[in-house]
Protein chains: 2
Amino acid sequence: MKLYTSFGMNPRLVRMFLIEKKIELKQVQIDLLAGENRQPAFLKLNPTGQTPVLELDNGKYLSETAAICEYLEERYPTPALIGSTAEERAEARMWLRRVELNICLPMVHAFYYKEGYELFSSRVYCIPEAAEGLKEKARRALSWLNDLMPEGQWLCGQRFTISDICLFTYLDLLRNGGQPIPENLHNVQSWFDRVAARPSAEASLFPEQPMGLRG
Amino acid sequence: MKLYTSFGMNPRLVRMFLIEKKIELKQVQIDLLAGENRQPAFLKLNPTGQTPVLELDNGKYLSETAAICEYLEERYPTPALIGSTAEERAEARMWLRRVELNICLPMVHAFYYKEGYELFSSRVYCIPEAAEGLKEKARRALSWLNDLMPEGQWLCGQRFTISDICLFTYLDLLRNGGQPIPENLHNVQSWFDRVAARPSAEASLFPEQPMGLRG
């Protein structure tokens, strides 16, 4: 297998997932800022033009971060970052979707449409008039999560999972991109600090960090 | 196990998934229009207030449609609607995310913010100024998909999967909700007609169809 990776929250999510599982893969770095992922050679690997992409041993190319992590978990089951039973996997998938759909995606779309507009307007369809509303939508969902979070635990209780990694990589990048963690969300901040203290957090950063962003 | 279900594309997605797999589950109908899913009794099952919810045999409640379908596939592996190998599952998960994130979610959000605004503005955070942009974003992604679709196949080639069911349930409801399938997208329309011809398409409809919507 071979991982095509780059700067960004989703590529970092997969790198952090690999480090937590102690999987070593050959990695190819794609120059996102130069638009290498929008060139014909890369579009053959993934027609959405998004990173990361995992080249499988059968020669096929797998994209979409959650699908890549599920595949890696099936190939390398321990330590489990999704789950070791159907019920554990169900819980982790539920929380991954809750944080990704309600918090992470509105946040990154708002970034594309405002702070990152100059770079992204030629790459993705942008809706600038939606930016402030999307930020507010994400803040409300993060506040909802803050009230649900039990003290000192992960999103799936005692288990550190892909859902924690996902939310962390988005919050860590976008807090320097116009969307800081609101000061009154103490549970989220405490959870964030505990994820940030894991060695995989620093070790998963891309060699280059453009515009002061962490990805 | 017991399924809490209602009108809507995601509840129908799970019902269609069950019918295709010939799984019979006890079902409890939630009155979405009356807001039963936003009442305290239901919020104990799912704090997002969304349907469907699957009650597991261990007494826990599982929400998020994709997580529910993954769990059902693990419990009832055949016929496979996600996949019977890690590679097949990876492909179906990749396509599910591509259609859901790039097409289905912008479509349904646009519906919440415009045609469905009167009903949804008190239930979800709405961004009315984003509605037209979201529709255009979804149309562009649907056109992208149209150009990639091989004639006479499903999203995962010869395999009919959860990704087909997901896209179908969203397009079928929202085509009567202000977002018809664009006339020039012949591959998408041909694919849609083939899904609609499956017995599970009609059989999965909720007993009541409000406002002429199919869900």
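How many residues does each of chain A and chain B bring to the contact? Chain A gives 39 residues and chain B gives 39 residues. The model on display is predicted, and the tour below moves from the interface to selected residues of chain A.

**First stop: the interface**

Display both chains and colour them separately. About 3500 Å² is buried between chain A and chain B, and carbon and sulfur atoms account for 58% of that area. Next, select Glu64(A), Arg97(A) and Tyr125(A): together they supply 18% of the area that chain A buries against chain B, more than any other three residues.

Across this interface, the rule finds 16 residue pairs in polar contact, both residues being at pLDDT 80 or more. To see which elements are involved, select β4 (61–63), α3 (65–75), α4 (86–113) and α6 (131–148) of chain A; each gives two or more residues to the side that touches chain B. The largest share, 14 residues, comes from α4(A). By class, this side of chain A has 19 nonpolar, six polar and 14 charged residues.

**Second stop: the rotation axis**

Superpose chain A on chain B. A rotation of 180° with 0.0 Å of shift along its axis achieves this, with an RMSD of 0.0 Å. The two copies are thus related as by a two-fold rotation axis. Both copies use the same surface, since 100% of the contact residues of chain A recur in chain B. To locate the axis, select Ala130(A), whose C-alpha lies at 2.5 Å and comes closest to it of the residues of chain A.

**Third stop: salt bridges across the interface**

Side chains of opposite charge can pair when their charged atoms come close. Over all chains, the structure holds 40 salt bridges, and the rule finds 10 across the interface of chain A and chain B. Select Arg93(A) and Glu74(B) to view one salt bridge between the chains, in which the closest N and O atoms are 3.1 Å apart.

**Fourth stop: salt bridges within chain A**

Select Arg159(A) and Glu88(A), a salt bridge with its closest N and O atoms 3.8 Å apart. Arg159(A) lies in the loop between α6 and α7 (162–174), and Glu88(A) lies in helix α4, so this pair ties together parts of chain A that are 71 residues apart in sequence. Arg159(A) is buried, at 18% relative accessible area, whereas Glu88(A) is partly exposed, at 24%.

Turn next to helix α6 of chain A, where Glu136(A) and Arg139(A) lie three residues apart, about one turn of the helix. Their salt bridge has its closest N and O atoms 2.9 Å apart. Glu136(A) is partly exposed at 21% relative accessibility, and Arg139(A) is partly exposed at 37%.

Now select Arg214(A) and Asp172(A), which form a salt bridge with the closest N and O atoms 2.9 Å apart. Arg214(A) belongs to the segment after α9 (199–203) and Asp172(A) to helix α7, so the pair ties together parts of chain A that are 42 residues apart in sequence. Asp172(A) is buried, with a relative accessible area of 0%.

Finally, select Glu70, Glu74, Arg89 and Arg93 in both chain A and chain B: salt bridges that share partners join these residues into one network.

**Last stop: Lys135(A)**

Is Lys135(A) buried or exposed? At 5% relative accessibility, Lys135(A) counts as buried. Lys135(A) is found in helix α6 of chain A. Show its neighbours beyond four places in sequence: Lys135(A) touches Ala110(A), Lys114(A), Glu115(A), Gly178(A) and Gln179(A).

Conventions:
Residues are numbered from 1 along each chain as its sequence is written. Chains are lettered from A and ligands numbered from 1 in the order in which they are written. This is a predicted model: local features need pLDDT of at least 70, side-chain atom pairs count only at pLDDT 80 or more; totals for chains, interfaces and linings use all residues. Side-chain values use heavy atoms; hydrogens and water are left out. Contact means heavy atoms within 4.5 Å. Buried area is the accessible area (1.4 Å probe) that two parts lose on being put together, summed over both. A salt bridge is a side-chain nitrogen of Lys or Arg within 4 Å of a carboxyl oxygen of Asp or Glu. A polar contact is a pair of N or O atoms within 3.5 Å; within protein, one must be able to donate a hydrogen and the other to accept it, and residues adjacent in sequence count only if both atoms are side-chain atoms. Helices (H or I, at least four residues) and strands (E, at least two) are DSSP runs, numbered from the N terminus. Ala, Val, Leu, Ile, Met, Phe, Trp, Tyr, Cys and Pro count as nonpolar, Asp, Glu, Lys and Arg as charged, and the others, Gly among them, as polar. Buried means under 20% relative accessible area, exposed over 50%, partly exposed in between (1.4 Å probe, protein chains only). Copies are superposed by least squares on the C-alpha atoms of residues with pLDDT of at least 70 in both.
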